[in-house]
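Work through the exercises below with the model open beside the text. Each task is followed by a solution that goes step by step.

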Amino acid sequence: QGVTGYVDGGGGGGGVGRGGGGGSGDFDCHGYVISNYICFPGHAGMRRRHGARGIGGHTGACGGILWVVDSPQGDCLYTASTRYDANVTRVKTVALIDDGIIEPNERIAVSCISVTNSGGLPLPLGAVCSILSTETIMFEPTKFDLPTILPGQTFEI
């Protein structure tokens, strides 16, 4: 699968000391037109002496970004205005000596790890979730290979 980001648009000309706005975009995906607009204003103009009175520029229309995932055959599989965004949304920790208190140097177990894709594209197959040690908690090196996680879907390890 290929992932391509499209950016479309160029702003209009600016008046004295004022830049144009961003561009606009419609995106064609094998006959489907996708419109997604995000404003990107232009840069301010440079300060110069006043010249003859002219006509001020017009702000261009808004532009946008569209991510497109194509199959190896070139078919459009997914389109979205955001990429994937995997987040750990749940973790359960339990002390191995369950007296209700996790004390220094006590062993714990981590389970019920939930990973949610809150982005607009599927999380690609082959993504890895790793549990890393910190300054205060030492973990045995652990990693989990994740499946494809669709937008809005949660996967539990």
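The exercises move from the overall fold to salt bridges, a pocket, a core and backbone angles.

The model is predicted, so local features are given only for a pLDDT of at least 70 and side-chain atom pairs only at pLDDT 80 or more, whereas totals for chains, interfaces and linings use all residues. Residues are numbered from 1 along each chain as its sequence is written, and side-chain values use heavy atoms, with hydrogens and water left out.

**Exercise 1. Overall fold**

Task: Determine which secondary-structure elements the protein chain holds, and what share of its residues is buried.

Solution: Begin with the elements, where helices (H or I, at least four residues) and strands (E, at least two) are DSSP runs numbered from the N terminus. The protein chain has zero helices and ten strands, and the order from the N terminus is accordingly written β-β-β-β-β-β-β-β-β-β. Next take burial, with buried meaning under 20% relative accessible area, exposed over 50% and partly exposed in between (1.4 Å probe, protein chains only). Of the 157 residues of the protein chain, 20% count as buried. Finally consider contacts, meaning heavy atoms within 4.5 Å: among those with a separation of 6 or more, 57% join residues 24 or more positions apart.

**Exercise 2. Salt bridges**

Task: Find how many salt bridges the structure holds, and establish where the partners lie in the chain.

Solution: The criterion is a side-chain nitrogen of Lys or Arg within 4 Å of a carboxyl oxygen of Asp or Glu, and the structure holds two such salt bridges. In one of them, the side chains of Arg 90 and Glu 156 meet at 3.5 Å, N to O. Arg 90 belongs to strand E6 (residues 86–95) and Glu 156 to strand E10 (residues 154–156), so this pair ties together parts that are 66 residues apart in sequence. Both partners are partly exposed, Arg 90 at 41% relative accessibility and Glu 156 at 43%.

Another salt bridge joins Glu 140 to Arg 107, with the closest N and O atoms 3.4 Å apart. Glu 140 sits in the loop between strand E8 (128–131) and strand E9 (142–145), while Arg 107 sits in the loop between E6 and E7, and the two are 33 residues apart. Here Glu 140 is exposed, with a relative accessible area of 56%, and Arg 107 is exposed at 57%.

**Exercise 3. A buried serine**

Task: Describe the surroundings of Ser 114.

Solution: Ser 114 lies in strand E7 (residues 108–117) and is buried, its relative accessible area being 6%. Once neighbours within four places in sequence are set aside, the contacts of Ser 114 are Asn 87, Val 88, Thr 89, Arg 90, Thr 154, Phe 155 and Glu 156. This list includes Arg 90 and Glu 156, which also form a salt bridge with each other.

**Exercise 4. The largest pocket**

Task: Characterise the lining of the largest pocket.

Solution: On a 1 Å grid over the protein atoms alone, a pocket is an open set of points where a 1.4 Å probe fits, with protein on both sides within 12 Å along at least five of seven lines, and lining residues have an atom within 4 Å of a point. The largest pocket holds about 500 Å³ of space, a volume filled by probe spheres set on grid points that are joined across faces, edges and corners. Of its 18 lining residues, the closest to the centre are Arg 107, Ile 108, Ile 137, Met 138 and Phe 139. E7 gives the largest share of the lining, three residues. By class, the lining divides into eleven nonpolar, three polar and four charged residues.

**Exercise 5. Core and backbone**

Task: List the residues of the largest nonpolar core, then locate two residues with positive phi.

Solution: A nonpolar core is a set of buried Ala, Val, Leu, Ile, Met, Phe, Trp, Tyr and Cys residues joined through side-chain atoms within 4.5 Å. The largest one has seven residues, Ile 113, Val 115, Leu 123, Cys 129, Ile 131, Leu 146 and Ile 149, and E7 and E8 are the elements that give two or more residues to this core. For the backbone, Asn 105 has phi near 65° and lies in the loop between E6 and E7, where Asn 105 is exposed at 84% relative accessibility. Cys 112, in strand E7, has a positive phi of about 50°.

Note on methods: Nonpolar A, V, L, I, M, F, W, Y, C, P; charged D, E, K, R; others polar.
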